Amino acid sequence: MRMDHVSYACERDGLLATTERISAALGVDAVRGGVHPRFGTRNMIIPLADHKYLEVVEVLNHPASDKAPFGQAVRARSAAGGGWMGWCVAVDDLSPFEQRLGRAAVPGNRKFPDGRELVWSQIGILGLIADPQVPYLLRWEGDPALHPSLVYPSNVKMSSLTIAGSAERVTEWLGEPVEKPLEDVAVQWMAPHGTPGIMSVTFETANGAVTI
């Protein structure tokens with residue numbers, strides 16, 4: 001169980017403009033991710049150190065986005081002005097979460113221009129929609145060399161999160177202490193005044209700490 005990535009729903013001016021602002025603030029380049037055909041979304045990727053990454057995601061005008069919880073979550077967050085949508089924990093085995101939540105994980109995929117395919121299974125988006133402080137979970141499948149953090153070597157490090165919520169609630173959701181996946185990322189927990197969830201993320205960059 002480890003912290004894998006953070007997801008930022010694009011703002012009202014769209015995927016490219018939102019990504020450009022974030023990549024400029026971090027002093028790095030973003031790369032095109034691609035379309036998630038099962039979810040009706042597409043993303044841009046900013047690789048980070050320590051096998052993590054930041055994705056900026058946009059909902060598409062596609063029937064899949066109306067049916068898939070991930071598409072629904074992105075649409076709702078973007079409609080509210082955009083911003084941090086959630087964080088994701090990678091695990092080797094999703095079956096304990098499938099049993100506890102009473103539903104099966106759903107497959108995800110996107111293809112590279114050269115035909116290679118990134119493949120995973122995920123669960124927990126409905127939980128994130130109901131309570132945005134909790135992470136969703138995924139299991140990467142296929143070629144590990146395709147992990148988005150490996151698009152290019154990055155010295156930008158995710159150093160801390162500020163989350164409106166409680167460590168106890170997230171520990172209950174994960175079934176293990178929340179400190180386990182966040183062992184190298186500091187967290188400041190704040191009492192939620194309104195909707196819980198990620199308030200900000202701080203990164204260590206070549207130009208010092210940057211908080212988004």
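In this predicted model, Gly-124 sits in the loop that leads from strand E7 (117-123) to helix H5 (125-130). Although it belongs to a loop, Gly-124 counts as buried, because its relative accessibility is 3%, which falls under the 20% limit for that class. Leaving aside residues up to four places away in sequence, Gly-124 touches Tyr-136 and Trp-173. Asn-207 lies 83 residues from Gly-124 along the chain, and the C-alpha atoms of these two residues are separated by 35 Å.

Strand E7, which comes just before this loop, is part of an open sheet of eight strands. Reading across the sheet, the order is E2-E3-E4-E1-E5-E8-E7-E6, with mixed pairing. The edges are taken by strand E2 (31-36) and strand E6 (106-111); each has a single partner strand, so one side of each is left without a neighbour in the sheet. On average, neighbouring strands of this sheet are turned by 30° against each other, direction ignored. Within the sheet, strand E5 (residues 83-90) and strand E8 (residues 136-141) run parallel and are joined by three bridges. Ala-90 has Leu-138 in E8 as its bridge partner. Tyr-136, already met as a contact of Gly-124, falls within the residue range of strand E8.

Strand E5 also covers the position of Cys-88, which brings the description to the cysteines. The structure holds zero disulfides. A disulfide is a covalent bond between the sulfur atoms of two cysteines. For Cys-10, the closest cysteine sulfur is that of Cys-88, and the 19 Å between them is too far for a bond, given that a disulfide requires sulfur atoms within 2.5 Å. Cys-88 is likewise in no disulfide, its nearest cysteine sulfur being that of Cys-10. Both residues are tucked away from the surface: Cys-10 is buried, with a relative accessible area of 5%, and Cys-88 counts as buried at 0% relative accessibility.

A final point of interest is the loop between strand E3 (41-48) and strand E4 (52-59), where Asp-50 is found. His-51 lies in this loop between E3 and E4 as well. Most residues other than glycine have a negative phi. Asp-50, however, has a positive phi, near 65°, and the phi of His-51 is also positive, near 60°. Asp-50 counts as partly exposed at 42% relative accessibility, and His-51 is partly exposed too, with a relative accessible area of 33%.

Conventions:
Residues are numbered from 1 along each chain as its sequence is written. This is a predicted model: local features need pLDDT of at least 70, side-chain atom pairs count only at pLDDT 80 or more; totals for chains, interfaces and linings use all residues. Side-chain values use heavy atoms; hydrogens and water are left out. Helices (H or I, at least four residues) and strands (E, at least two) are DSSP runs, numbered from the N terminus. Buried means under 20% relative accessible area, exposed over 50%, partly exposed in between (1.4 Å probe, protein chains only). Contact means heavy atoms within 4.5 Å. Two strands pair if DSSP finds at least two bridges between them. Axes are lines fitted to C-alpha atoms, for helices over the stretch in contact, and angles run from 0 to 180 degrees between N-to-C directions.
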